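Please look through the sequence and the three-dimensional structure shown here before reading on. The paragraphs after them are meant to be followed with both in view.

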Amino acid sequence: SSGINAEYGDVEMVFVRLSDRPWATQKLGVKLQDQQVDIFAHTRPGFDEVEDSETEPSHDELGEIMINTEWIVKCAAQLVHTVSQNRFKNKHVPLYVPKIIQADMNPWVEMRNSMWHSQVTDKLERSRKDYIP
C-alpha cells in the first residue's frame, strides 16, 4: 500500500485548488512537511477545461464559482478546525483558497460571508440574552 501516514502535527497547510476556467475540477488537500497530498478531487461532468481565460470572469461566473465551491471550502474549513484543535498547543493551520473564491476578489463570496457573519452574530446575541440574568 502507498498510503500516507501522517499525524495532525505534520499538517502545515490545508488548501483548495481549482482547475483553469471553467473551474470544473476542485481539489482539497494538505501540505505536509515533505509533500502535498490531494485528499479529495471532484470534476463536474460535462465541462471542457479549455476556455478563454484572457478575459475577466463575468458577474454570473463569479456567482457560479462561489456556489459550486462552497461545499469544498466548508470541508476545508472543517479540516483546518479539526487539525488545529488536535495539534500540539492548538497551533493554527492556515487555509489557502484561490483568489477567485476570496471575498476581496469575488463580490458574491463577500456577500455570502457577510450573511454568515450576521447569522452567527444574531445567534450569539440571542444566546447571550438567554443566559444573562
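What follows goes through the sheet, then the nonpolar core, and then a patch on the surface.

The model is a predicted one, and its sheet offers a convenient place to begin. Four strands make up an open sheet, in which the order is 3-2-1-4 and the pairing is mixed. Strand 3 (36-43) and strand 4 (95-96) stand at the edges with a single partner strand each, so that one side of each has no neighbour in the sheet. As a general matter, strands of a sheet pair through backbone hydrogen bonds, and may do so in parallel or antiparallel fashion.

Taking the pairs one by one from the edge formed by strand 3, strand 2 and strand 3 run antiparallel and are joined by 7 bridges; within this pair, Val 30 has Val 37 of strand 3 as its bridge partner. Strand 1 and strand 2 are also paired in the antiparallel sense, over 7 bridges, and here Met 13 stands opposite Lys 31 in strand 2. The hairpin of strand 1 and strand 2 has 6 residues between the strands, and in this hairpin Trp 23 adopts a positive phi near 60°. The pairing of strand 1 with strand 4, by contrast, is parallel and rests on 2 bridges, with Val 14 standing opposite Leu 95 in strand 4.

Val 14 leads on to the interior, since this residue is among those with the most contacts inside the largest nonpolar core, a group of 20 residues. The others named for their contacts there are Val 11, Val 16, Leu 18, Ile 100 and Ile 101. At least two residues of this core come from each of strand 1 (11-18), strand 2 (25-32) and helix 1 (59-86), and helix 1 gives the most, with 7 residues. In soluble globular proteins, nonpolar side chains tend to be buried together.

Which residues does Ile 100 touch, if those up to four places away in sequence are not counted? Its contacts are Leu 18, Trp 23, Pro 57, Leu 62, Ile 65 and Asn 106. Of these, Leu 18 is itself one of the core residues with the most contacts, while Trp 23 is the residue with the positive phi in the hairpin.

On the surface, Ile 39, Phe 40 and Trp 71 form a nonpolar patch, and together they have about 280 Å² of accessible area. Phe 40 lies in strand 3, one of the strands at the edges of the sheet. Because its relative accessibility is 38%, Phe 40 counts as partly exposed, a class that lies between under 20% for buried and over 50% for exposed.

Methods. Residues are numbered from 1 along each chain as its sequence is written. This is a predicted model: local features need pLDDT of at least 70, side-chain atom pairs count only at pLDDT 80 or more; totals for chains, interfaces and linings use all residues. Side-chain values use heavy atoms; hydrogens and water are left out. A nonpolar core is a set of buried Ala, Val, Leu, Ile, Met, Phe, Trp, Tyr and Cys residues joined through side-chain atoms within 4.5 Å. Buried means under 20% relative accessible area, exposed over 50%, partly exposed in between (1.4 Å probe, protein chains only). Contact means heavy atoms within 4.5 Å. Two strands pair if DSSP finds at least two bridges between them. Patches are made of residues with over 30% relative accessible area and no salt bridge: like charges are joined within 9 Å, nonpolar side chains (Val, Leu, Ile, Met, Phe, Trp, Tyr) within 5 Å. Accessible areas come from the Shrake-Rupley method with a 1.4 Å probe; for residues, only the protein chains shown count as cover. A salt bridge is a side-chain nitrogen of Lys or Arg within 4 Å of a carboxyl oxygen of Asp or Glu.
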